[in-house]
Amino acid sequence: MKNTFGNSVALTLFGESHGEYIGAVIDGLAPGIEINNEYIANMLSLRRPSGRISTQRIEKDEYKIVSGVVNNVTTGTPITILIPNADVKSADYSQIETIARPSHADFTAQCKYHGYQDTRGGGHFSGRITAALVAAGAVCKCALEQKGIFIGTHIKKCAGISDREFCDLLGDIKALSKKTFAVLDDDKSEKMKEAIEVSAENGDSVGGALETAIVGMPAGIGEPWFDTVESMLSHVIFSIPAVKGIEFGAGFSFADMTGSSANDEFKIENGKVVTTTNNNGGINGGITNGMPVVFRTAIKPTPTIFKEQNTIDFKTMENVVLNAKGRHDPAIVHRARVVQDAVSAIVMCDALAMRFGTDFLK
Ligand SMILES: Cc1cc2nc3c(=O)[nH]c(=O)nc-3n(C[C@H](O)[C@H](O)[C@H](O)COP(=O)(O)O)c2cc1C
């Protein structure tokens, strides 16, 4: 399916950056889940831009749930969430309608939709659409917390500056849920923000990496081949615009390890099977082993920058020089972190429902 993802719990996403609404439909969530509006609003506020490190486009994200919920409780039928777009300035895009921003989706959208695509503000490819992902993910994340499953993401790296490692996972996840800029080390947080601001002043952008931990997933979730937990997560993570890489556990550093340093030895602790290390990021053979699921993503620098760039006009088929206008994020990483939490929550709900049935999340 083009805009639908998931098996037992499926998500459909729709909308354009400057259209009337963006939104999501979640199908397959259990009946009887309480909807916590404060929780959804808080997650949306963590994605919202603020200050000089983000776009100046400010949206209130006043979402409406128009189906699937009665008296704040899910009915078990499709939940439709609508979010109006308000602060739009389409004129910024009218002069570059047929000019391909390097690294953005303008040229590929033209190849696929033959000029019928909505080009205003990046249309269907805009980071704006991730607000709907976050609202849907918030419903799922809140339901998971009732089952003792917690998800948190920190900015592992931004503009070459690294945060500290996760240590007390649950404590760190709780702390991150209150941070508007999700860095565990406050000193590094300030340095990253300064680097983003400097880059913005230079008309440029910076990239980074995000690290997510999912704590409390029971062992035995996932399928051995095509719906491994890694493949389900990767599939949905690559739907976040600007994600260009993912690694689980020790990831690419496995390449330099030996079996004896890479293997996660098992032991029984308080009657439970655990591993002494977690290089495999909580997944063996595509299936959760009960340890925290840990993965990292690479987020590219924002494509739209305010420096001259060589590109093409795909209508006139000429080489041109682009001087982009409009309001853009000088970095994406700090806004994408809550999107990463949201999509992870949707996948965990799907994997749990595949294993235990829809009513598990009730
Ligand atoms: C939260 C968020 C905000 C974004 N903001 C911008 C932006 O202001 N300007 C921009 O050019 N791209 C922005 N992007 C990235 C583009 O949407 C993305 O790079 C583009 O659609 C091409 O997709 P790709 O990078 O996955 O290939 C944002 C992405 C996210 C997740």
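## Exercises on a predicted model

**Exercise 1. Describe which residues surround the ligand in this predicted model, and state how they divide by class.**

*Solution.* Begin with the shell itself: 21 residues surround the ligand, and the closest are Phe-125, Gly-127, Pro-241, Thr-304 and His-328. Next, sort the shell by class, which gives 9 nonpolar, 9 polar and 3 charged residues. Finally, ask which element supplies the largest share; helix H9, spanning residues 333-356, does so with 3 residues.

**Exercise 2. Locate the largest nonpolar core, and name the residues with the most contacts inside it.**

*Solution.* The largest nonpolar core has 85 residues, and those with the most contacts inside it are Ala-135, Ala-136, Ala-342, Ile-346 and Cys-349. The largest share of this core, 15 residues, is contributed by H9, the helix that also gives the largest share of the ligand shell. To follow one residue in detail, take Cys-349: leaving out residues up to four places away in sequence, Cys-349 touches Val-9, Leu-29, Cys-140, Ala-143, Leu-144 and Leu-361. Apart from the largest core lies another, of 5 residues, among them Tyr-93, Ile-99, Ile-305 and Ala-324.

**Exercise 3. Determine which residues of helix H7 are buried, and explain why they lie on the same side of the helix.**

*Solution.* In H7, which covers residues 229-237, the buried residues are Val-229, Met-232, Leu-233, Val-236 and Ile-237. They cover an arc of only 125° around the axis, and therefore they are on the same side of H7. The general rule behind such a pattern is that an α-helix has 3.6 residues a turn, so residues three or four places apart point the same way. As for their partners, the buried residues of H7 pack against the strands S1, S11, S14, S15 and S16, and against H9.

**Exercise 4. Work out the strand order of the open sheet of 5 strands, and explain why S1 and S4 each have a side without a neighbour.**

*Solution.* The order of the strands is S1-S2-S3-S7-S4, with antiparallel pairing. S1 and S4 stand at the edges and each has a single partner strand, so one side of each is left without a neighbour in the sheet. Within the sheet, S3 (residues 21-27) and S7 (residues 79-84) pair in the antiparallel sense over 6 bridges, and the bridge partner of Ile-22 in S7 is Ile-83.

**Exercise 5. Characterise the hairpin formed by S12 and S13.**

*Solution.* First, count the bridges: 4 of them join S12 (residues 266-269) to S13 (residues 272-275), and the two strands run antiparallel. Then pick out a pair, Ile-268 with its bridge partner Val-273 in S13. Lastly, examine the turn, where 2 residues lie between the strands and Asn-270 has a positive phi of about 50°.

Conventions
Residues numbered from 1 in each chain as written. Predicted model: local features only at pLDDT ≥ 70, side-chain atom pairs only at ≥ 80, totals over all residues. Near = placed C-beta within 6 Å. Nonpolar A, V, L, I, M, F, W, Y, C, P; charged D, E, K, R; others polar. Core = buried A, V, L, I, M, F, W, Y, C linked by C-beta atoms within 7 Å. Buried ≥ 20, exposed ≤ 12 C-beta atoms within 10 Å, placed from the backbone. Contact = placed C-beta atoms within 7 Å. Pairing = 2+ DSSP bridges. Arc of directions from axis to C-beta.
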